[in-house]
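Here's a quick walk through a protein model, going from the whole chain down to a couple of individual residues. Keep the viewer open while you read.

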Amino acid sequence: MHELTRTEARRIAVQAQLLDAHRPTELHAVVRRLTLLQIDPTAAIAPNADLVAWSRLGSSYAREDLTAALTNRTLLELRAMIRPSEDLALYRADMAVWEKETRHYRQWVAANDACRRDILDRLGSQGPLTSRELPDTCAVPWQSSGWTHNRNVTQLLELMVLRGEVAIAGRAGRERLWDLASRVYPDEPAVPVAEARRLRNERRLRALGIARATGTALPVEPAVVAEAGEPAVVEGVKGEWRVDPAYLERPFTGRAALLSPFDRLVHDRQRTTELFGYDYQLEMYKPAAKRRWGYFALPILYGDQLVGKLDATADRKAGVLLVNAVHQDVEFSRSIADAVDAEIDDLALWLNLRRS
């Protein structure tokens with residue numbers, strides 16, 4: 001059982017997420033370590049995947065690099081996550097047993113089997129296609145109290161992804177292009193289910209550094225790692241953790257970084273509170289008058305601490321990065337202020353905007 005201070009736990013988390021002073025230099029290596037880049041359409045400053053890559057690589061990162069990697073399929077999109085293409089082998093076995101583990105949807109897919117087959121035929125002969133180019137021939141509409149209600153084709157496509165039948169082959173603007181999975185995914189044998197889940201847990205812990213063994217289920221990508229790594233306790237925090245021993249006693253040198261609200265360092269809000277003592281909520285869905293930090297405030301990292309939030313907006317028509325406020329959770333020393341200021345300048349440079 002490893003006994004860690006909170007400082008040690010935070011430093012492990014920061015290093016695991018490639019946010020210490022030793023910056024990586026290549027996009028694929030970043031995605032390989034992080035295991036994923038989450039796709040989110042919100043672009044108050046930049047799309048999440050690009051913002052996460054910039055936080056690691058700095059202004060040398062070009063958004064065209066991500067586009068090229070998706071085009072040549074060294075990176076692939078799977079369920080709103082961009083992953084290394086070689087990792088698809090860790091998900092193919094789950095696709096093969098989908099019907100055994102997701103009975104809730106099985107009857108709906110079976111009821112619309114003619115539509116499913118029609119989609120496969122059209123993609124096979126004409127793909128890649130957008131969902132708009134696929135006619136809705138579903139016999140039973142999709143029922144939902146949310147935004148997916150009656151979105152029969154898109155819902156069926158999502159379930160066909162889980163079945164391993166179709167895949168996202170690219171994008172036309174913001175619209176996804178769908179094709180047969182056999183034409184998109186690498187032709188590699190699937191890793192057996194139990195081994196694949198073990199490897200995914202190990203890779204997730206490598207990306208997080210320290211995590212809980214069990215906890216609240218999150219959609220698509222868990223925040224827990226089962227029995228990966230080794231057990232640990234963190235001083236002043238209840239319960240047991242799992243830690244990747246590769247990070248233990250590793251020298252640490254920090255830096256300043258501006259993070260996406262969806263960054264994996266802060267994505268698990270409970271872990272963020274427990275290890276960093278950091279209070280954060282994404283306020284884009286709140287009325288403006290009730291926001292404390294701003295529409296899309298970026299968490300500010302300095303060393304091994306989350307020290308504030310940056311309220312900024314990229315006004316591309318005016319050509320400016322509008323800095324509305326820098327909220328200080330702790331009083332900034334001169335060194336913190338200078339380092340954060342330099343990161344804001346680098347963000348503006350990367351966006352090709354004038355800071356205002």
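What follows starts with the overall fold and then stops at two residues.

First, a caveat: this is a predicted model. Going by its secondary structure, the protein chain holds 14 helices and 14 strands. How does that add up in overall size? The radius of gyration is 22 Å, close to the 21 Å that the globule rule gives for 356 residues, so the chain is as compact as a globular protein of that length. If you're setting up a box around it, the C-alpha trace spans about 65 × 55 × 40 Å along its principal axes.

Now for the inside and the outside. Of the 356 residues, 49% are buried. Take the contacts between residues at least 6 apart in sequence, and 64% of them join residues at least 24 apart. On the outside, the accessible surface comes to about 17,100 Å², with carbon and sulfur atoms accounting for 50% of that. As for charges, there are 49 positive and 49 negative ones, and their mean positions sit 4 Å apart.

Let's zoom in on Asn-152, which you'll find in helix H9, a stretch covering residues 152–162. Is Asn-152 buried or exposed? Its relative accessible area is 7%, and the cut-off for buried is under 20%, so Asn-152 counts as buried. What does its side chain do in there? One polar contact goes to the side chain of Asp-136, at 2.9 Å. The Asn-152 side chain also reaches the backbone nitrogen of Trp-142, at 2.7 Å. Both partners turn up again in the contact list of Asn-152, which, once neighbours within four places in sequence are set aside, reads Trp-108, Asp-136, Cys-138, Pro-141 and Trp-142.

The second stop is Tyr-302, in strand S11, which runs over residues 298–302. With a relative accessible area of 27%, Tyr-302 lands between the 20% and 50% cut-offs, so it is classed as partly exposed. Which residues does Tyr-302 touch, leaving aside those within four places in sequence? They are Arg-255, Ala-256, Val-307, Ser-335, Ile-336 and Ala-339. For a sense of how the chain folds back, try picking Tyr-302 together with Trp-54: the two are 248 residues apart in sequence, and 16 Å apart in space from C-alpha to C-alpha.

Technical notes: Residues numbered from 1 in each chain as written. Predicted model: local features only at pLDDT ≥ 70, side-chain atom pairs only at ≥ 80, totals over all residues. Heavy atoms only, no water. Helix = DSSP H or I, 4+ residues; strand = E, 2+ residues; numbered from the N terminus. Rg over C-alpha atoms; globule rule 2.2 N^0.38 Å. Buried < 20%, exposed > 50% of the residue type's maximum accessible area, 1.4 Å probe, protein only. Contact = heavy atoms within 4.5 Å. Areas by Shrake-Rupley, 256 points an atom, 1.4 Å probe, with all protein chains shown as cover. Lys, Arg positive; Asp, Glu negative; His and termini not counted. Charge placed at Lys NZ, Arg CZ, Asp CG, Glu CD. Polar contact = N/O pair within 3.5 Å; in protein donor to acceptor, adjacent residues only side chain to side chain.
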